[in-house]
Amino acid sequence: MCGIVAYIGSKNCIPLLISGLQRLEYRGYDSSGIACIHKSTISDYKAVGKVKELNSLIEKSSIDESQVGIAHTRWATHGLPSEANAHPHLSTNRKFAVVHNGIIENYKALKSNLEAKGCKFQSETDSEVIAHLIEQLYDGDLVAAVASAVKMLVGAYGLAVIASDEPDKIVAVRNGSPIVIGISENESIIASDLSAIVSHTKQVIFLNDNDIAIVTASNVEIRNQENVPISREIDTVDWDFSAAEKSGYEHFMLKEIFEQPEAVGNAIRGRLDHVNNSALLSGLNMDAQDLVTIKRIIIAACGTSLNAGLIGEYYLEDLAGLVTEVEQAAEFRYRNPLVDAETLCLIISQSGETADSLAALREAKLKGSQVAAICNVVGSTISRESGRGIYLHAGPEIGVASTKAFTCQVSVLLMMALKFARARRYTYTDAAELINEIEKIPEYIDAVLKQSKKIEKIAKRWAHATNWFFIGRGYQYPVALEAALKLKEISYHHAEGYHAAELKHGPIALLDENFPVVALAADIDGKDKTIGNIEECLARKAPVIICATQGDKSLASYTKDLIEIPASSKYIVPITATVAMQLLAYYVAKERGEDIDQPRNLAKSVTVE
Ligand code: G6P
């Protein structure tokens with residue numbers, strides 16, 4: 001959510017900042033801006049819309065070269081997308097410029113104080129107070145002024161600050177919103193995530209909360225808020241830069257959908273224990289006694305990760321006999337949850353930075369629960385603070401609508417359930433078949449991808465429909481929720497997921513001939529009852545699209561719009577059915593000409609509550 005990139009070094013920073021912003025654009029894209037220092041003066045450029053608008057503004061202006069600058073791409077929280085609200089924000093005397101990710105909760109009080117002191121505000125944002133505060137506190141030492149300013153802020157922030165009188169440094173601060181610093185020869189790059197850094201260097205420092213970094217072209221010094229120097233390790237990140245390219249696909253989302261056989265293959269590789277018919281998952285760091293001591297699992301997550309968690313609940317209960325609850329992370333953190341040392345609180349997050357999921361993790365730890373995380377982004381805050389967990393190895397996910405992270409999350413949850421199951425009640429023989437099925441997931445996904453042309457045709461036929469229901473039972477119920485989320489995220493159609501049995505308790509009142517119902521009716525438990533619900537929809541003249549098991553003749557008479565997934569065990573169906581639904585959502589959005597990778601109003605990583 002919002003992207004920060006900043007550069008100090010021997011090169012001209014402007015093109016580097018623009019390309020960094022383009023890499024970060026998936027985090028927010030309603031406006032963007034750059035501020036840089038040239039001859040002891042700060043120049044700033046801002047544009048509403050995508051980074052390409054900022055780029056053409058800069059191309060038209062006679063901008064001077066600069067070796068130090070900060071930049072930002074915004075996802076609006078306070079104030080509409082506008083040039084004035086775009087970052088960087090400058091102080092009244094224009095000697096300080098700030099880019100900010102996060103939310104300053106006490107900005108109103110700070111703003112009225114600062115206005116009383118004569119500060120002239122240009123924007124409606126919460127962030128602008130930071131620039132004015134620094135100006136007020138500045139006494140010839142930028143680091144000291146920033147340190148004093150952040151002590152007055154309540155909320156979450158990742159910051160990069162420049163001062164025209166101190167062009168040899170950028171000051172970066174982290175509190176609740178990630179900041180990573182890339183170190184290269186004669187240059188340093190600060191960013192809110194690795195995607196803006198890895199093309200320059202693989203040597204990085206992840207800041208911890210309350211770290212203040214003084215970044216020059218040749219050095220990074222970190223202090224705490226009491227001005228005491230602290231050391232942070234330099235990590236070498238193993239990130240394939242080409243993974244963040246579209247590689248000939250029209251959209252990142254389509255590329256990521258088609259990458260799923262490989263991504264899930266990577267998530268599974270080396271993690272199945274064929275000797276014991278179990279799963280290894282060494283990052284979980286749990287021996288057999290730990291596995292049997294856990295009495296309850298609470299999964300806390302948001303968005304697509306929450307839907308993956310719902311499937312995880314079925315796996316853990318069904319296979320391992322473990323009481324499992326799934327909670328929206330924001331609800332968990334404020335609800336005074338009942339946890340104890342025999343509870344495992346499992347946080348699922350692709351980015352590992354989602355504010356509510358991180359807060360849920362901290363709350364669970366504080367209440368004495370055991371914790372673990374399933375994350376994709378290596379080195380992310382949730383992965384570091386949980387101390388144990390499972391990485392997805394899905395590679396960078398750039399499309400805002402999550403696809404490959406979801407199928408990897410579900411695959412990892414299935415392996416985790418297998419590990420618990422083997423310790424608790426599953427026999428060696430019970431597990432053999434499941435292991436076989438897990439290994440075949442990439443193949444099963446491939447079979448769904450081969451249906452893409454057929455799914456595209458169905459999507460084209462129904463792309464005009466503005467209301468959609470998705471229904472399912474058992475393992476296909478969470479799929480209905482995820483399918484509806486995917487469709488609404490990228491096509492802006494109204495879509496809701498329901499348990500198939502729930503439709504008649506109200507929602508069915510909405511159905512008519514223009515309101516498609518997508519029934520998830522693969523040939524596993526619950527199919528026959530879902531057929532009854534399909535009949536009910538047809539009786540209300542609603543068109544029905546059915547996702548069925550390949551070769552299942554019993555459903556053909558209900559619809560011309562049949563989407564087929566391969567026959568597999570019930571544990572695999574939520575994965576294959578979801579891939580089919582991702583394609584359906586993608587092609588509906590494409591037919592409507594929507595901006596699939598950067599849907600309006602959304603952001604990839606939500607670092608505010
Ligand atoms: C945002 C994204 C969703 C994502 C959710 C949770 O809303 O747009 O795609 O599912 O955050 O993100 P996380 O990184 O915690 O999985």
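1. The shell around the ligand holds 4 nonpolar, 8 polar and 2 charged residues. This is a predicted model, so the points below describe computed geometry.

2. Which residues come nearest to the ligand? They are S305, S349, Q350, S351 and T354, out of 14 residues around the ligand. Helix α9, residues 303-320, gives the largest share of the shell. That share is 3 residues.

3. Three polar pairs deserve a look on screen. The side chain of S351 places an N or O atom 2.6 Å from an oxygen atom of the ligand. At Q350 the partner is a backbone N or O atom, 2.7 Å from a ligand oxygen. At T304 a polar backbone atom is 2.9 Å from an oxygen atom of the ligand. The protein buries 90% of the 380 Å² that the ligand exposes when taken alone.

4. Where does the ligand sit? It occupies the second largest pocket.

5. Next, the backbone. The peptide bond from H87 to P88 is cis, and its omega is near 0°. P88 belongs to the loop between β4 (68-74) and β5 (89-90). Most peptide bonds are trans, and most residues other than glycine have a negative phi. Please check this bond when you inspect the loop that holds P88.

6. N227 has a positive phi, near 70°, and is not a glycine. Its place is the loop between β13 (220-223) and β14 (229-230). Is N227 buried, partly exposed or exposed? N227 has a relative accessible area of 46%, so it counts as partly exposed. The range for that class lies between 20% and 50%.

7. N601 also has a positive phi, near 70°, in a residue other than glycine. This residue lies in the segment after α19 (573-591). Its relative accessibility is 60%, so N601 counts as exposed. The cut-off for exposed is over 50%.

8. Q225 is in the loop between β13 and β14, the loop where N227 is also found. Why does Q225 count as buried? Its relative accessibility is 14%, and buried means under 20%. What lies across from it in space is V146: the two C-alpha atoms are separated by 9.5 Å. Along the chain, Q225 and V146 are 79 residues apart.

9. A603 sits in the segment after α19, as does N601. A603 is buried, at 13% relative accessibility, whereas N601 is exposed, at 60%. How far apart are A603 and A76 along the chain? They are 527 residues apart, yet their C-alpha atoms are separated by 9.9 Å.

10. I508 lies in the loop between β24 (494-499) and β25 (517-520). Its relative accessible area is 15%, so I508 counts as buried. From I508 to E536 is 28 residues in sequence. In space the pair is 8.6 Å apart, C-alpha to C-alpha.

11. To recap the loops and the chain end segment by residue: Q225 is buried in the β13 to β14 loop, and N227 in that loop is partly exposed. After α19, A603 is buried and N601 is exposed.

Technical notes
Residues are numbered from 1 along each chain as its sequence is written. This is a predicted model: local features need pLDDT of at least 70, side-chain atom pairs count only at pLDDT 80 or more; totals for chains, interfaces and linings use all residues. Side-chain values use heavy atoms; hydrogens and water are left out. A residue is near a molecule or strand if one of its heavy atoms lies within 4 Å of it. A polar contact is a pair of N or O atoms within 3.5 Å; within protein, one must be able to donate a hydrogen and the other to accept it, and residues adjacent in sequence count only if both atoms are side-chain atoms. Accessible areas come from the Shrake-Rupley method with a 1.4 Å probe; for residues, only the protein chains shown count as cover. On a 1 Å grid over the protein atoms alone, a cavity is a set of points where a 1.4 Å probe fits but cannot get out, and a pocket is an open set with protein on both sides within 12 Å along at least five of seven lines; lining residues have an atom within 4 Å of a point. A molecule sits in a cavity or pocket if more than half of its atoms lie within 2 Å of its grid points. Helices (H or I, at least four residues) and strands (E, at least two) are DSSP runs, numbered from the N terminus. Ala, Val, Leu, Ile, Met, Phe, Trp, Tyr, Cys and Pro count as nonpolar, Asp, Glu, Lys and Arg as charged, and the others, Gly among them, as polar. Buried means under 20% relative accessible area, exposed over 50%, partly exposed in between (1.4 Å probe, protein chains only).
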